[in-house]
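Me: I've got a structure open and would like to talk through how it is put together. Can you go through it with me?

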Amino acid sequence: MNEPLLPYILDIMTAPASKSLVLAGGLGLRLKQQFLRSSGERWLIEGFEDIRATQDMDFFLSMSMFLEPEMGLSFRDFLRREGYEPVENAKYFHFSKQVGQMEVKIDLLARRPSKSERVKVSGPRVGSGIELHGRVTPEAFSLEDSPFRLPLQGKKSNGEAVETSVFLPHAYTWLNMKVQAAFDWVKNDKPGGRKHVKDV
């Protein structure tokens, strides 16, 4: 799999604190596209162009990260050990670290919790009490419905060869998120916007 961010995905997904994460965004789409091409499965639409994506990792946090604070704290401490620092203008849901000439970025998201889950939502943030938040994403309401398990293998950033997997959203969930992204793009009158051009 030819993916510059693969070592850092493997770092994250082999950590016990990260098992409940779901990888979304353009990077998740790109990895699924590469997997399907290599598997030889028939596509609904043949000859689909390569997915282009921003160079960051969009991970959905599970509600368990907030309902069981020790899980959230464990993941936050893992990010610190790996050298990820909170980005000042998006503290605790956007983290990054510099690796040589490349900036490795993590964007943390979360579906909107139900009332029965009793997880705090304040503005764009889901969660409170620990230095770990998810950017609220209401259109990801079906996130836990039939996620796709993608097998991964390769070398972590320390050179260790590993095999693991990562969950990706179901196609229906991704469709809802992309429709919302397209609506925001049109509403904000940003044709040719840099992020959206790369993420389509």
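**Strands, core and rings**

Reply: Let me begin with the strand pairing: strand 2 and strand 5 run parallel and are joined by 5 bridges, and one of the residue pairs involved is Phe60 with its bridge partner Leu109 in strand 5. Please keep in mind throughout that this is a predicted model.

Me: And how does strand 1 pair with strand 2, parallel or antiparallel?

Reply: Strand 1, residues 22-24, pairs with strand 2 in the antiparallel sense over 3 bridges, and within that pairing Leu23 has Phe59 of strand 2 as its bridge partner.

Me: Is strand 2 buried or exposed, then?

Reply: Strand 2 covers residues 56-60, and 5 of the 5 are buried, so the strand is largely enclosed by the rest of the structure. Both of its faces are covered, with Asp56, Asp58 and Phe60 buried on one side and Met57 and Phe59 buried on the other.

Me: Back to Leu23, what does it touch?

Reply: Leaving aside residues up to four places away in sequence, the contacts of Leu23 include Met57, Asp58 and Phe59, together with Ile9, Gly28 and Leu31, and also Val166, Phe167, Leu168, Pro169 and Trp174.

Me: Which residues have the most contacts inside the largest nonpolar core?

Reply: That core has 49 residues, and those with the most contacts inside it are Ile12, Leu23, Met57, Phe59, Phe75, Tyr84 and Leu108. The largest share of the core comes from helix 1, which supplies 6 residues. As background, nonpolar side chains tend to be buried together in soluble globular proteins.

Me: How many residues of helix 1 are buried?

Reply: In helix 1, residues 6-13, 7 of the 8 residues are buried, so the helix is largely enclosed by the rest of the structure. The buried ones are Leu6, Tyr8, Ile9, Leu10, Asp11, Ile12 and Met13.

Me: Switching to aromatics, how many pairs are there?

Reply: The structure holds 3 aromatic pairs. One of them is formed by Phe75 and Phe78, which are stacked at 6.2 Å centre to centre with 25° between the planes. These two phenylalanines are 3 residues apart in helix 4, residues 69-81, and are thus separated by about one helical turn; both Phe75 and Phe78 are buried.

Me: What about Phe141 and Tyr172, how are their rings arranged?

Reply: The ring centres of Phe141 and Tyr172 are 6.2 Å apart and the planes lie at 80°, so the pair counts as edge-to-face. Because Phe141 lies in the loop between strand 8 and strand 9 while Tyr172 lies in helix 5, the pair ties together parts that are 31 residues apart in sequence. Tyr172 is partly exposed, with a relative accessible area of 43%.

Me: Where does the charged end of Lys32 sit?

Reply: The charged end of Lys32 sits over the ring of Phe148, at 4.7 Å from the ring centre.

Me: Last topic, the loop between strand 5 and strand 6: is Glu117 buried or exposed there?

Reply: Glu117, which lies in that loop, is buried, with a relative accessible area of 17%. The side chain of Glu117 makes a polar contact with the side chain of Arg111 at 2.7 Å, and, not counting residues up to four places away in sequence, Glu117 touches Met63, Leu67 and Arg111.

Me: And what is the phi of Arg118?

Reply: Arg118 has a positive phi of about 55° although it is not a glycine. Arg118 is found in the loop between strand 5 and strand 6 and is exposed, with a relative accessible area of 77%.

Notes:
Residues are numbered from 1 along each chain as its sequence is written. This is a predicted model: local features need pLDDT of at least 70, side-chain atom pairs count only at pLDDT 80 or more; totals for chains, interfaces and linings use all residues. Side-chain values use heavy atoms; hydrogens and water are left out. Buried means under 20% relative accessible area, exposed over 50%, partly exposed in between (1.4 Å probe, protein chains only). Helices (H or I, at least four residues) and strands (E, at least two) are DSSP runs, numbered from the N terminus. A nonpolar core is a set of buried Ala, Val, Leu, Ile, Met, Phe, Trp, Tyr and Cys residues joined through side-chain atoms within 4.5 Å. Contact means heavy atoms within 4.5 Å. Rings of Phe, Tyr and Trp (its six-membered ring) pair if their centres lie within 6.5 Å; planes under 30 degrees apart count as stacked, over 60 as edge-to-face and the rest as tilted. A charge sits over a ring if NZ of Lys or CZ of Arg is within 6 Å of the ring centre and within 35 degrees of the ring normal. A polar contact is a pair of N or O atoms within 3.5 Å; within protein, one must be able to donate a hydrogen and the other to accept it, and residues adjacent in sequence count only if both atoms are side-chain atoms. Two strands pair if DSSP finds at least two bridges between them.
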